[in-house]
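Subject: Structure handover

Hello,

Here is the structure I promised to pass on. Please open it and keep it in view while you read the notes.

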Amino acid sequence: LDVITSLDCERFNFAVRPTIYDTMHDNSKGNTQNMDESNKNDANPQQRHRRLANSNLADDINYSEKDVNENQREFGEHIDYGYTSPTTVTGRELFCLVAGSEKVIAKHQEEDAREGAPPRLQCDALDTRREGLLTVWSSARSQMTLKMIKNVLDLSVEKSYNLSPEITRHFWAPFQDESLDLYVENIASKHSRIRNLDVLQKEGVLFVDIGSGLGVSTLAVSLLYPEATVLSVEPAMPSWLLQRINLVCNLEPDSKMPHPIMSGVGPKNDGMLKMMWRPASTGATRTWTPHDEKTAEDTELIVRLRTLHSILAEAAANEDIDSDVLSSVVLNIDCEGCEYNIIPAMSDVEFNAIDIIVGTNGMHWGYIPEDKRPSSSRGSSTHERLCIHYDFARQSIECCAFPDLRVRLPGHPPVSSQNRDLCANFKTWADEKKLFESTDDYGWTELTSMA
């Protein structure tokens with residue numbers, strides 16, 4: 001009942017957006033096509049809605065300016081509702097189905113009954129995934145505003161991807177999200193580190209996914225290593241909600257489910273961090289978005305920070321992690337610079353207890369704009385610790401500052417033997433990026449999410 005009333009399932013006009021989106025979408029590729037110039041030049045979403053409402057499309061779908069304005073008032077002017085799913089199902093409709101909305105179920109069944117029509121929805125929302133999705137709703141309602149939940153669900157659609165030749169999964173993401181393709185591609189590669197972590201096949205291994213986003217790595221580990229215990233940590237509320245949906249829709253209800261926690265990870269509990277969530281690139285949720293890259297759809301979030309120690313303690317208290325039988329810990333850090341908050345805050349005992357640290361993109365000093373970089377001392381302690389792990393030693397130019405540091409590999413080779421030709425231009429790079437010249441942490445995470 002809370003879903004139906006909160007999402008206005010019986011009155012909301014689900015027919016408004018899908019047909020418009022279908023004219024701009026290549027269903028065979030699953031990727032949004034570039035808008036035409038007239039669409040790009042619309043000053044705001046409301047103008048775009050008016051133009052579309054006055055076009056010939058309006059006659060086909062009974063799309064009126066009144067519909068536009070009603071939806072606009074309800075959800076805020078900063079969201080572009082000109083598009084929706086290639087299968088015409090948004091996150092709002094998913095939850096209305098789950099909640100048993102008579103109007104939405106009737107529409108869903110009518111569409112599915114059309115001869116030759118492909119299934120509109122892959123997630124089994126009416127049966128095996130229903131209870132799990134209702135739990136997601138309850139969890140989201142207790143931690144997010146209703147307005148944010150609506151915005152996220154109205155932007156989100158189901159997209160199909162192959163994680164491997166034998167594994168196809170369907171991810172919920174903002175329709176315009178371009179970063180999901182990259183994350184799936186990294187996981188699907190036969191050279192992916194996550195696909196080659198034999199340690200995860202052992203009993204009692206804990207995989208901690210920090211900055212887990214929409215849950216691609218978390219889901220892949222759960223599918224590839226079904227006995228591993230997985231802890232997923234994501235600070236951005238919109239991504240956390242979509243991740244919860246993705247895990248429920250793509251894992252069998254009786255499987256070992258990851259433990260998802262909404263939190264940032266930092267040097268102390270109850271600290272604060274500001275970050276920018278970008279529906280066009282959810283993988284670029286970070287504290288240092290360049291000011292000139294911000295769009296009207298981007299949202300600044302204020303995130304609560306907690307120590308990794310307290311997050312692990314919470315998971316253990318919830319009996320998702322049995323600390324008495326843990327044999328090893330694998331830490332995945334893919335969090336757009338949060339390594340500078342996490343790694344220096346660990347004691348030597350805590351850091352050495354982690355067997356393997358992996359990271360798809362290495363470290364981020366060279367990407368962070370100068371006015372948002374942490375101090376060089378914070379950077380140095382982070383780099384020195386992470387560079388003993390193979391993923392960072394082989395792909396992070398920051399590790400060239402420690403050429404003789406030994407990497408955790410058989411024979412303990414030095415960093416200089418792992419990073420190929422990265423170090424040839426290290427001195428020039430270090431000077432350009434002021435690797436050793438940042439004097440303090442002013443403006444690092446708390447003042448603004450923009451550089």
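Below is what turned up, topic by topic. One caution before you start: this is a predicted model.

**Cavities**

How many cavities of 30 Å³ or more does the structure hold? There are three. The largest has a volume of about 440 Å³. Its lining is made of 38 residues. Nearest the centre of this cavity are Gly-211, Ser-212, Glu-234, Asp-334 and Cys-335.

Several elements supply at least two lining residues each. The helices are H11 (179–188) and H12 (216–224). The strands are S5 (205–210), S6 (229–234), S8 (264–265), S9 (271–277) and S10 (299–306). H11 gives the most, with three residues. By type, the lining of the largest cavity divides into 17 polar, 15 nonpolar and six charged residues.

**Gln-243**

Look next at Gln-243, in helix H13 (residues 237–250). This residue is buried, because its relative accessible area is 0%, and the cut-off is under 20%. Setting aside neighbours within four places in sequence, Gln-243 is in contact with eight named residues: Ser-212, Gly-213, Leu-214, Gly-215, Thr-218, Ser-232, Glu-234 and Pro-260. Two of these, Ser-212 and Glu-234, are also among the residues nearest the centre of the largest cavity. Val-216 is 27 residues from Gln-243 along the chain, yet their C-alpha atoms are separated by 8.2 Å.

**Glu-336 and its surroundings**

Glu-336 sits in the loop between strand S11 (328–333) and helix H15 (339–342). Is Glu-336 buried or exposed? Buried: its relative accessible area is 12%. Not counting residues up to four places away in sequence, Glu-336 touches Tyr-183, Gly-283, Ala-284, Thr-285, Arg-286, Trp-288 and His-364. Two of those contacts have an arrangement of their own. Arg-286 lies over the face of Trp-288, at 4.3 Å from the ring centre.

**Aromatic pairs**

The count of aromatic pairs comes to four. The rings of Tyr-161 and Phe-171 form an edge-to-face pair, because their planes are at 65 degrees and the cut-off is over 60. Their centres are 6.1 Å apart. This pair links distant parts of the chain. Tyr-161 is in strand S3 (residues 156–164), and Phe-171 is in strand S4 (residues 167–174), ten residues apart. Tyr-161 counts as buried at 13% relative accessibility. Phe-171 counts as buried at 0%.

Tyr-340 and Trp-365 also form an edge-to-face pair. Here the distance is 6.0 Å centre to centre, with 75 degrees between the planes. Tyr-340 lies in helix H15, while Trp-365 is in the loop between strand S12 (356–358) and helix H17 (376–386), so the pair ties together parts that are 25 residues apart in sequence. Both residues are buried.

**Two helices to look at**

Start with helix H7 (residues 91–99). This helix is mostly covered, with nine of its nine residues buried. They include the charged residues Arg-92 and Glu-93. Phe-95, Cys-96 and Leu-97 are also among them. Just after H7, Gly-100 takes a positive phi of about 85 degrees.

Then turn to H17. Its buried residues are Ser-376, Arg-378, Gly-379, Thr-382, His-383, Arg-385 and Leu-386. What do the buried residues of H17 pack against? They pack against H15, helix H16 (348–352), S12 and helix H18 (390–395).

**Positive phi outside glycine**

Most residues other than glycine have a negative phi. Two residues here go the other way.

- Asp-8 is not a glycine, but has a positive phi of about 55 degrees. Asp-8 is found in the loop between helix H1 (2–6) and helix H2 (18–22). At 17% relative accessibility, Asp-8 counts as buried.
- Lys-434 has a phi near 50 degrees, again positive and again not in a glycine. Lys-434 lies in the segment after helix H19 (426–432). Its relative accessible area is 30%, so Lys-434 is partly exposed.

That is the full handover. Over to you.

Best wishes

Conventions:
Residues numbered from 1 in each chain as written. Predicted model: local features only at pLDDT ≥ 70, side-chain atom pairs only at ≥ 80, totals over all residues. Heavy atoms only, no water. 1 Å grid on protein atoms, 1.4 Å probe; cavity = no way out; pocket = protein on both sides within 12 Å on 5 of 7 lines; lining within 4 Å. Points joined across faces, edges and corners; volume = space filled by probe spheres on them. Helix = DSSP H or I, 4+ residues; strand = E, 2+ residues; numbered from the N terminus. Buried < 20%, exposed > 50% of the residue type's maximum accessible area, 1.4 Å probe, protein only. Contact = heavy atoms within 4.5 Å. Phe/Tyr/Trp six-rings, centres within 6.5 Å; stacked < 30°, edge-to-face > 60°. Lys NZ or Arg CZ within 6 Å of the ring centre and 35° of its normal.
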